[in-house]
Amino acid sequence: MVKSLCIQLINPNTSQAMTEVMAQTARSVAAPQTHILAVCPEEGAPSIEGHFDEAIATLGVLQQIKAGRDAGVDGHIIACFGDPGLLAARELARAPVIGIAEAAMHLATMLATRFSIVTTLPRTLTIARHLLHQYGFERHCAALHAIDLPVLSLEDGSGLAQEKVREQCIAAKKSDGSGAIVLGCGGMADLAQELTIELNIPVIDGVSAAVKMVESLAALRLTTSKHGDLDYPLEKPLSGRFAGLNLREHYV
């Protein structure tokens, strides 16, 4: 008998519209027995486009991780390409925690020897480069491209951002010699399948990749190691809005 799963999809920004786009994509690839619980914080940044935004978003991510852990979810996905708060979330969680940038990059290396990244604003290219180094994929990435539009342009209804993503993906295939393209924003999740067909190379969105990775880890009965630096946070008297995030009695 196949066990049902509940995967918490956390959009670290406050956009309900973007949360729903990612939720629809996640549900379209999830196994029939997998339930997607899509959430976003009630307060914070409406989009995440820099280090400052990521710092603000991290608290909301951890609050949602705690809520998901208390609800007994089988896995968590941090659905922002900067993977904000990923390691802290892994300390706090019982179940696996997957970031969409990490998931997409891993998957790209299984499908091609070189991949390109297409993201939103040019300033986020540096953040993506940092992640490539952190995850050990800098030698696999041929190039990074930006559509030079903000994240929220993906949901303004004009279609301009989507067309620019398409144009950049086509240009990347021609100029970079890459066998795959990674979409560098959770708000692009619904574009991957259509672009894969049009370009005839894998175009990978991290939301879909992360869903299948969580399902695989659950099937293998594997979760984040609590030996070493990802052990539960040390018990400390946190105060204010941080109170309750690392109460030891919730972990054992």
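Buried area is the accessible area (1.4 Å probe) that two parts lose on being put together, summed over both. Keep that handy for these exercises. The model here is a predicted one, where local features need pLDDT of at least 70, side-chain atom pairs count only at pLDDT 80 or more, and totals for chains, interfaces and linings use all residues. Residues are numbered from 1 along each chain as its sequence is written, and side-chain values use heavy atoms, with hydrogens and water left out.

**Exercise 1. Find the domains and say how far apart their centres are.**

Step 1: Split the chain. Domain 1 covers 5-100 + 208-242, and domain 2 covers 101-205; these bounds come from an automatic or database domain assignment.

Step 2: Take the centres over C-alpha atoms, and you get 21 Å between domain 1 and domain 2.

Step 3: Look at who touches whom. Domain 1 puts 26 residues into the contact and domain 2 puts in 31, with contact meaning heavy atoms within 4.5 Å.

**Exercise 2. How much area do domain 1 and domain 2 bury between them?**

Step 1: Read off the total, about 2200 Å², with 63% of it on carbon and sulfur atoms.

Step 2: Pick out the big contributors in domain 1. Met18, Glu49 and Phe81 lose the most area to domain 2, together 34% of what that side buries.

**Exercise 3. Which salt bridge partner does Glu102 have?**

Step 1: Recall the rule: a side-chain nitrogen of Lys or Arg sits within 4 Å of a carboxyl oxygen of Asp or Glu.

Step 2: Glu102 pairs with Arg90, and their closest N and O atoms are 2.7 Å apart.

Step 3: Now count between domain 1 and domain 2, and you find 1 salt bridge.

**Exercise 4. Why does the salt bridge of Glu43 and Arg241 tie together parts that are 198 residues apart in sequence?**

Step 1: Check the pair. The closest N and O atoms of Glu43 and Arg241 are 3.4 Å apart.

Step 2: Place both ends. Glu43 is in the loop between strand S2 (34-39) and H2, while Arg241 is in the segment after H8, so the salt bridge links parts 198 residues apart in sequence. Helices (H or I, at least four residues) and strands (E, at least two) are DSSP runs, numbered from the N terminus.

Step 3: For the full picture, the structure holds 8 salt bridges, and the chain has 8 helices and 8 strands.
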